[in-house]
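This report looks at how two chains pair and how one of them is divided. The model comes next.

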Number of protein chains: 2
Amino acid sequence: MQLRRADVLDGAIAILDEYGLGDLTMRRLATSLHVQPGALYWHFKDKQTLLGAIADTLLADVDAMTNAGVWDDQLRELAHRLRDALLSHRDGAELVAATYASRLVTNRIRERIAAVCIRAGLRRGESELAADTVLYYVLGQTVDEQARMQMDSAGALTESASPLFESPDPTSRFDFGLTLFVDGVRARLGDRARLS
Amino acid sequence: MQLRRADVLDGAIAILDEYGLGDLTMRRLATSLHVQPGALYWHFKDKQTLLGAIADTLLADVDAMTNAGVWDDQLRELAHRLRDALLSHRDGAELVAATYASRLVTNRIRERIAAVCIRAGLRRGESELAADTVLYYVLGQTVDEQARMQMDSAGALTESASPLFESPDPTSRFDFGLTLFVDGVRARLGDRARLS
């Protein structure tokens with residue numbers, strides 16, 4: 001039977017969920033799919049390209065249109081969607097953080113966030129930098145949040161360090177940081193308004 | 001000759017600089033130091049503990065007092081110091097990002113940033129969340145910046161994706177995000193002033 005690209009991706013995500021990013025090798029993936037490694041390279045020229053495609057699968061639809069009406073709610077909705085997607089699979093945040101640099105990820109979340117900032121009134125260049133800032137915050141935050149949850153599940157954290165007993169809860173902590181960035185964008189819009 | 005803790009750390013950082021985080025194993029480290037692996041475990045009970053100690057070595061003095069006079073310049077100085085430290089060794093940002101979750105890092109940069117926010121006028125709880133936000137932004141940004149620099153050195157990026165041809169340059173991009181954050185803190189102080 002023909003090995004399809006989607007089969008490779010499904011198999012890779014299954015290994016990710018069960019064993020984690022450190023155990024996701026081309027050899028192991030080939031074994032789990034009962035094919036020779038060469039069959040994988042027909043679909044993905046190297047592991048980095050495969051990781052980019054997995055990142056795109058995890059991020060599917062995070063860059064869809066937002067339902068919120070005003071720009072700051074739109075920014076929040078996009079950031080929450082991104083966080084939810086990163087946390088939905090084991091090591092998802094680390095995988096996307098590590099892959100993002102390669103520019104192999106085709107998801108357009110950065111452009112979507114920048115577009116919200118442009119419509120809010122920022123210049124294009126500023127909007128792209130603001131989008132990077134939000135992305136870096138979400139990636140840094142979710143890598144730490146997910147690593148701590150996973151360490152806690154493995155019994156590697158003391159009870160006082162457990163995210164389960166954290167106050168405020170992780171979602172509220174995430175919201176706090178988002179609010180700082182949204183207020184920073186608003187301050188920049190205010191400067192613009194005073195100058196024009 | 002007695003193997004000292006500092007020798008183990010120096011050896012680990014030498015492997016990091018030459019081969020990267022992926023090649024830093026206890027076995028390889030023992031070989032490079034001409035000792036049995038057991039000699040390492042006398043100083044560090046597991047690899048995670050060693051990574052925490054390496055992170056502390058990379059971060060040495062980033063949590064020292066700042067020279068700047070006003071709180072926003074102090075915040076910028078701390079964030080820049082942290083970025084410089086993370087970029088000073090190969091895979092430094094990734095190592096600290098991965099280790100931070102374990103809470104094995106004893107460096108007090110988080111407390112130093114929170115203290116600046118407290119003196120600026122934020123409540124203690126808000127100040128700790130604000131410190132987390134800055135840390136997550138700096139970690140997310142430097143992991144991406146360093147990964148791209150290293151991929152570019154390895155010839156894995158096209159010229160248009162090279163950070164060397166990026167405009168504005170990486171330090172200016174970093175500053176833009178910091179400004180959004182500082183303005184967000186300032187907005188929160190403004191709300192406080194109006195309420196009191």
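What rotation and what shift along its axis superpose chain B on chain A? The model is predicted. In it, a rotation of 180 degrees does the job, with 0.0 Å of shift along the axis and an RMSD of 0.0 Å. That is the relation of a two-fold axis. Both copies use the same surface: 100% of the contact residues of chain B recur in chain A.

**The contact between the chains**

Chain B brings 32 residues to the contact, and chain A brings 32 residues. On the side of chain B that touches chain A, three helices each supply at least two residues: α6 (92-100), α8 (124-153) and α9 (170-195). Of the elements on this side, α8(B) gives the most, with 14 residues. By class, the side of chain B that touches chain A has 18 nonpolar residues, along with six polar and eight charged ones.

**The domains of chain A**

Chain A has two domains: domain 1 covers 5-45 and domain 2 covers 63-195. Their C-alpha centres are 29 Å apart. Where the two meet, five residues of domain 1 of chain A contact five residues of domain 2 of chain A.

The table sets out the residue classes for the two sides described here.

| Side | Nonpolar | Polar | Charged |
|---|---|---|---|
| Chain B, touching chain A | 18 residues | six residues | eight residues |
| Domain 1 of chain A, touching domain 2 of chain A | three residues | one residue | one residue |

Methods
Residues numbered from 1 in each chain as written. Chains lettered and ligands numbered in written order. Predicted model: local features only at pLDDT ≥ 70, side-chain atom pairs only at ≥ 80, totals over all residues. Contact = placed C-beta atoms within 7 Å. Helix = DSSP H or I, 4+ residues; strand = E, 2+ residues; numbered from the N terminus. Nonpolar A, V, L, I, M, F, W, Y, C, P; charged D, E, K, R; others polar. Domains from an automatic or database assignment. Least-squares fit on C-alpha atoms with pLDDT ≥ 70 in both.
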